[in-house]
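Hi,

Here is the structure I promised to pass on. Have a look at it first, and then read on for my notes.

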Amino acid sequence: MIRTYQHWINGREHGGTTGEPHTRHSPAHGEVLARFAAGTAADVDAAVTVARRVFEDASTWATLPGSRKAALLNAWAALIERDVTRLAEIEAEEVGKPIRYARGEIEWSVELLRYAASLAWQLEGRAMTQLGDDKLGLVTREPRGVVGIVVPWNYPMVTLFQKLPYALAAGCTVVIKPSELTSGTALEVTVLAKEAGIPDGVINVVTGLGETVGEALSTHPGVDMLSFTGSTRVGKRIARNAADSLKRVSLELGGKSANIVFADADIDSALDGALFGVVLNQGEECISPARLLVEKPIAETFVKQLVERARKVAVGMPLDEKSDVGAMIHEAHMERVLELIASGSKEGARLELGGSRVTTAGLDRGFFVPVTIFSGVDPAMRIFREEIFGPVLAVTTFETVEEAIQLANDTSYGLANGLWTKDVDKALKVSRRLRSGTVFVNTYFESAPQMPFGGYKESGLGRENGLEGLLEFTEVKSTLLKLGTRDAALPLATSVT
Ligand code: NAD
């Protein structure tokens, strides 16, 4: 059955201003999956007007007690949890990712939502009592206002839930623009938010293209903050757009993470970590550790064992429980991944596994790329430098700790890195020197909602998750109270005491 959606504005479906929908074909078999409304600047304006009205009418949401917001967010979490199976199927089909991981994604989004709900209780300020005995200072946090949220296609739910519940817990109202390729789950969960009792107009969704809907959101004077996840190229454009009105921006952008394997690591775990790093979400993963740096004495054996394990990875249909790697998001992206693979061979890296499109019967109508491993990768090569966003691993060797750090930091990105060693001293010393927002030690991808996430360098601005993730959606207000009116003369010539 083809799913058909409209925009969602003020707690109900909104037909929009154009009749032509955006059609999503399955990247795994080509059939039509869904039709989304193709939004315009006028639709964005309608949604922002509602979000602004509801924000200004503060008792609807902004000033609702934290305990009440938390109760509503938790009720919403329960409904999403109830519908995990249905939502995971939509996510798997639209993205092309294996259903097992899609389920994990929805469950993780529920965790994020519950954690953000807990923060709604405790948005605290400070009292300044050292200003003299006739004054009291209050430093309080207030919601930023109307937040535009623009998210990509690789993790439609997680990228949304690293923002949305925190914005709501802070008291903001929102207009969401999901990716035009994967808008299904954002619209489905917004309907569940209404069922949970979250007031109409607090969450609005306008679907459509980045150049129209995304652009209109990032330039709209009624939007106070734009929270974006996507490519560094578009992130920079959004920051430039936002500069005109000094809109606040938070940016979660691209990455080129490294996994560093020292010779004293637990080799079995490091092999799993290195492989899972490019298998998860078929490498369409902002923190994918697509560069593997291995200490020279163990490198040859390590790569051999890695290739043996990688041969067992199952490329398959998204809804097949046995699939490890699904389809690339669309044909043009698959072509780009294949072109980067070709550049690796051309520039002299050794192709150890994979390398060409999967065309076996049953998968030949989809955009499937197998796990591809290159060894002998030089830092000057494109596969070392560019974000590939596919299941492609580039292996480089190093001889000293210093060289490992230098190689890992040799990128314009700074989202995450991993390192594998049994020496805790070495782990902490190397971790301090890595220029990335996250460092994994003897693991990769594991996380906790309490831990902030974000990028150094061109991987972003600001943080999501943790207390920091909540504070992004707040402004700081200083209120100074003069105590005792009799002596409270202002130093004006005309003042009367
Ligand atoms: P993208 O930048 O092409 O698109 C992201 C979103 O921005 C989409 O909704 C798109 O429609 C919209 N958009 C496009 N042009 C726009 C414009 N001019 N104004 C406003 N919005 C616009 O990225 P993508 O291809 O969807 O996703 C892949 C990228 O996302 C990768 O670079 C990946 O690393 C990054 N990513 C980062 C994180 C993170 O947390 N740092 C997480 C997931 C993905």
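Let me start at one strand pairing: Val294 stands opposite Thr397 in β17. Please keep in mind throughout that this is a predicted model.

That residue pair belongs to a parallel pairing between strand β14 (residues 291–295) and β17, which runs over 5 bridges. Strand β17 also has a parallel partner in strand β16 (residues 372–375), here over 3 bridges. In that second pairing, Thr372 has Val392 of β17 as its bridge partner. Strand β17 itself spans residues 392–398 and is mostly covered, with 6 of its 7 residues buried.

Next, the nonpolar cores. The largest one holds 116 residues, and Trp76, Ile80 and Ile203 touch the most other members. Helix α4 (residues 99–120) supplies the largest share of this core, 12 residues. If you want a place to begin browsing, try Ile80: leaving aside residues up to four places away in sequence, Ile80 is in contact with Leu87, Ile106, Val110, Leu113, Met157, Phe161, Val189 and Leu192. Apart from the largest core lies another, of 30 residues, including Met334, Leu338, Ile383 and Ala408.

Helix α8 (residues 210–219) is worth a look too. Which of its residues are buried? They are Val213, Gly214, Ala216, Leu217 and Ser218. These buried residues pack against two helices, α1 (41–56) and α9 (232–243), and against the strands β8 (146–150), β9 (173–177) and β11 (225–229).

Strand β9 brings me to Thr173, which is found in that strand. Is Thr173 buried or exposed? Its relative accessibility is 0%, so Thr173 counts as buried. Its contacts, again without residues up to four places away in sequence, are Ala51, Val54, Phe55, Gly145, Val146, Val147, Gly201 and Val202.

Finally, the cysteines. How many disulfides are there? The count comes to 0, taking a disulfide as a pair of cysteine sulfur atoms within 2.5 Å. Two cysteines can be described by their accessibility. Cys172 has a relative accessible area of 0% and is therefore buried. Cys286 stands at 22%, so Cys286 counts as partly exposed, given that buried means under 20% and exposed over 50%.

Happy browsing, and best wishes

Terms used
Residues numbered from 1 in each chain as written. Predicted model: local features only at pLDDT ≥ 70, side-chain atom pairs only at ≥ 80, totals over all residues. Heavy atoms only, no water. Core = buried A, V, L, I, M, F, W, Y, C linked by side-chain atoms within 4.5 Å. Buried < 20%, exposed > 50% of the residue type's maximum accessible area, 1.4 Å probe, protein only. Helix = DSSP H or I, 4+ residues; strand = E, 2+ residues; numbered from the N terminus. Contact = heavy atoms within 4.5 Å. Pairing = 2+ DSSP bridges.
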